[in-house]
Amino acid sequence: MRRDGCSGVNGAHEGRARQNPGRGPSKRTVKRVAVCVILLAMPIRSAVVPPSSGQIRASTLAEQPQVRTALEWFEKNLKWINEEQVRLTEIPAPSFEEGKRAAAVAALLAEEGLNVHSDKIGNVIGELRGAKEQEAVLVAGHLDTVFPAGTVIKAQREGDRILAPGISDNGTGLAGLVAMARAMHVAKIKPQRTILFAANVGEEGEGNLRGMRALIDEYRTKLRAVIVLDGSGTEHVTTKALASRRLEVVITGPGGHSWSDFGMPNPINALVRGSVRFINTRVPTAPRTTFNLGQVEGGTSVNSIPYEAKLKVDLRSESEDEIVQLEAALRDCVAAGVKDEMDNARDKTKGKLDWKVNPIGSRPGGEVAADSALLEALRGADAVVGNQSRIERASTDANIPLSLGIDAIAIGAGGNGGGAHSLQEWYEPAGREMGLQRALLTLLGVAGVVTEKGS
Ligand SMILES: [Zn+2]
């Protein structure tokens with residue numbers, strides 16, 4: 001077994017790179033010389049890389065009068081977009097309590113002439129019917145935030161910055177979603193494929209991507225691509241879904257008095273013993289694998305032996321295999337921690353400890369093909385707006401379609417943001433129009449546009 005975190009003696013992780021004894025330095029030099037000779041013998045070619053088909057399509061698209069109108073609309077209506085972002089952000093929307101914010105987004109989408117409805121778990125879907133009704137592209141932004149009910153959300157302005165919990169994640173995405181719908185409406189763009197503008201519930205934490213799961217369930221057979229608008233920025237594109245698993249450890253016992261029942265097994269002691277073992281688990285840097293002990297609960301008072309202790313753990317990895325191993329290590333460590341506590345109990349007659357590990361979330365992995373039409377459309381859009389995208393792996397709503405083989409990406413909706421998931425979260429709208437133009441051109445690149453007669 002590669003990982004034996006619970007024995008307390010961890011073998012160092014074996015690196016993937018191995019020395020190849022067959023490739024000595026002299027051989028390598030010979031090879032390099034040979035390559036140089038071949039290069040010198042080749043005819044000199046122009047260094048200019050010809051534009052890709054995606055780039056040609058995107059620039060043709062951007063020149064269509066209606067599309068140009070939509071792209072310009074963003075530049076001319078920044079104030080409206082910023083104000084709607086603040087208004088939506090100030091409506092609290094913890095996961096599982098997104099209703100009020102959902103209603104506000106639904107009203108905005110309905111103003112843009114979309115056919116708007118809510119599904120049974122609270123997703124809002126605005127449909128713009130395309131010429132090919134049986135094919136659809138989904139563009140989605142999550143409604144929920146990590147901030148619990150009661151968190152004061154009042155946007156403050158500091159120079160060019162707007163500060164508010166959730167302003168960027170996902171105030172930017174939601175503002176982007178409604179701005180794209182509005183720009184298309186104003187410009188009277190009719191798509192080839194139906195576009196579904198969705199504000200979805202349950203992306204954060206224990207929401208466990210339930211909103212996106214429901215959307216994919218509903219539209220799976222029609223969907224040709226999914227674009228997730230999550231947070232700010234234009235510099236990245238998430239094309240790889242980071243697999244993650246969330247677990248809750250529960251240890252229970254009889255409980256008792258701190259003085260008179262001393263010596264009885266204690267669930268918190270067992271949890272601490274098991275946790276110490278688990279955090280000594282070695283995880284590889286490649287494939288990158290992480291764990292986090294994120295929440296601990298248990299006990300009723302300082303002078304009581306608790307009857308229950310709970311721990312929530314988040315496991316992530318670029319490799320599904322590593323996650324499976326890490327979960328096994330967690331179970332081993334909890335079992336060993338409970339055993340330690342039982343073995344050390346002075347009074348074994350006063351009951352025993354039970355334990356279980358409950359799954360509380362799972363996000364599957366996946367990856368979009370490098371030559372997919374969706375990535376082509378994004379690269380084309382980047383070329384038109386003068387942007388360069390860095391490929392990233394992350395855990396987003398795009399995990400769900402990606403795990404099912406549906407082309408999907410997650411991108412920021414422009415501007416700059418930081419401090420996500422903290423009370424100091426901020427957003428700077430400067431330059432947001434470029435991010436919105438990039439998103440719209442990508443969307444239209446995969447959805448297609450019905451050209452007017454004569455244009
Ligand atoms: Zn987000």
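**Close-up views of a predicted model**

**View 1. Four strands form an open sheet in the order β11-β13-β9-β14, and their pairing is antiparallel.** Two strands pair here if DSSP finds at least two bridges between them. Helices (H or I, at least four residues) and strands (E, at least two) are DSSP runs, numbered from the N terminus. The edge strands, β11 (289-298) and β14 (354-363), each pair on one side only. From one strand to the next, the twist averages 20 degrees. Axes are lines fitted to C-alpha atoms, for helices over the stretch in contact, and angles run from 0 to 180 degrees between N-to-C directions. Look along β11 and strand β13 (residues 308-317): nine bridges join these antiparallel strands. One of the pairs to find is Asn292 with its bridge partner in β13, Asp314.

This is a predicted model, in which local features need pLDDT of at least 70 and side-chain atom pairs count only at pLDDT 80 or more, while totals for chains, interfaces and linings use all residues. Residues are numbered from 1 along each chain as its sequence is written, and side-chain values use heavy atoms, with hydrogens and water left out.

**View 2. Helices α8 and α9 pack on the sheet of View 1.** Helix α8 (residues 267-279) touches β9 (243-252), β11 and β13, where contact means heavy atoms within 4.5 Å. The direction of α8 makes about 20 degrees with that of β13. Helix α9 (residues 320-344) touches β9, β11, β13 and β14. For α9, the direction makes about 10 degrees with that of β9.

**View 3. A second view of an open sheet shows four strands in the order β4-β5-β19-β18, with antiparallel pairing.** β4 and β18 (416-418) stand at the edges with a single partner strand each, so one side of each is left without a neighbour in the sheet. The twist here averages 25 degrees from one strand to the next. Three bridges pair β4 with strand β5 (residues 161-163) in the antiparallel sense. To get your bearings, find Glu158, which stands opposite Arg161 in β5.

**View 4. Strand β17 (residues 408-411) is covered on both faces.** Ala408 and Ala410 lie on one side, Ile409 and Ile411 on the other, and all are buried; buried means under 20% relative accessible area, exposed over 50% and partly exposed in between (1.4 Å probe, protein chains only). β7 and β17 run parallel and are joined by four bridges. Val226 has Ala408 in β17 as its bridge partner. Strand β8 (residues 236-241) runs antiparallel to β17, and two bridges join them. Here Val237 has Ile411 in β17 as its bridge partner.

**View 5. Helix α7 (residues 210-219) has Gly211, Met212, Leu215, Ile216 and Tyr219 buried.** Seen down the axis of α7, these buried residues fall within an arc of 130 degrees, so they line one face of the helix. That arc is taken from the directions from the helix axis to the C-beta atoms. Turn to the other side of α7 and you will meet Asp217 and Glu218, which are exposed. The cover over the buried residues of α7 includes β1 (115-118), β2 (124-128), β3 (132-142), β6 (193-200), β7 (223-229) and α11 (399-403).

**View 6. The axes of helix α4 (residues 78-89) and helix α5 (residues 99-111) come within 10 Å and cross at roughly 155 degrees.** The two helices are therefore roughly antiparallel to each other (under 35 degrees counts as roughly parallel, over 145 as roughly antiparallel, 65 to 115 as roughly perpendicular and the rest as oblique). From α4, Trp80, Glu84, Arg87, Leu88 and Thr89 meet Arg101, Ala104, Val105 and Leu108 of α5. The residues of this contact divide into five nonpolar, one polar and three charged. Ala, Val, Leu, Ile, Met, Phe, Trp, Tyr, Cys and Pro count as nonpolar, Asp, Glu, Lys and Arg as charged, and the others, Gly among them, as polar.

**View 7. Phe147 lies in the loop between β3 and β4 (156-158).** With 7% relative accessibility, Phe147 counts as buried. Phe147 and Ser422 are 275 residues apart in sequence, and their C-alpha atoms are 8.5 Å apart in space. Leaving aside neighbours within four places in sequence, Phe147 is in contact with Pro94, Pro165, Gly166, His421, Ser422, Leu423 and Glu425.
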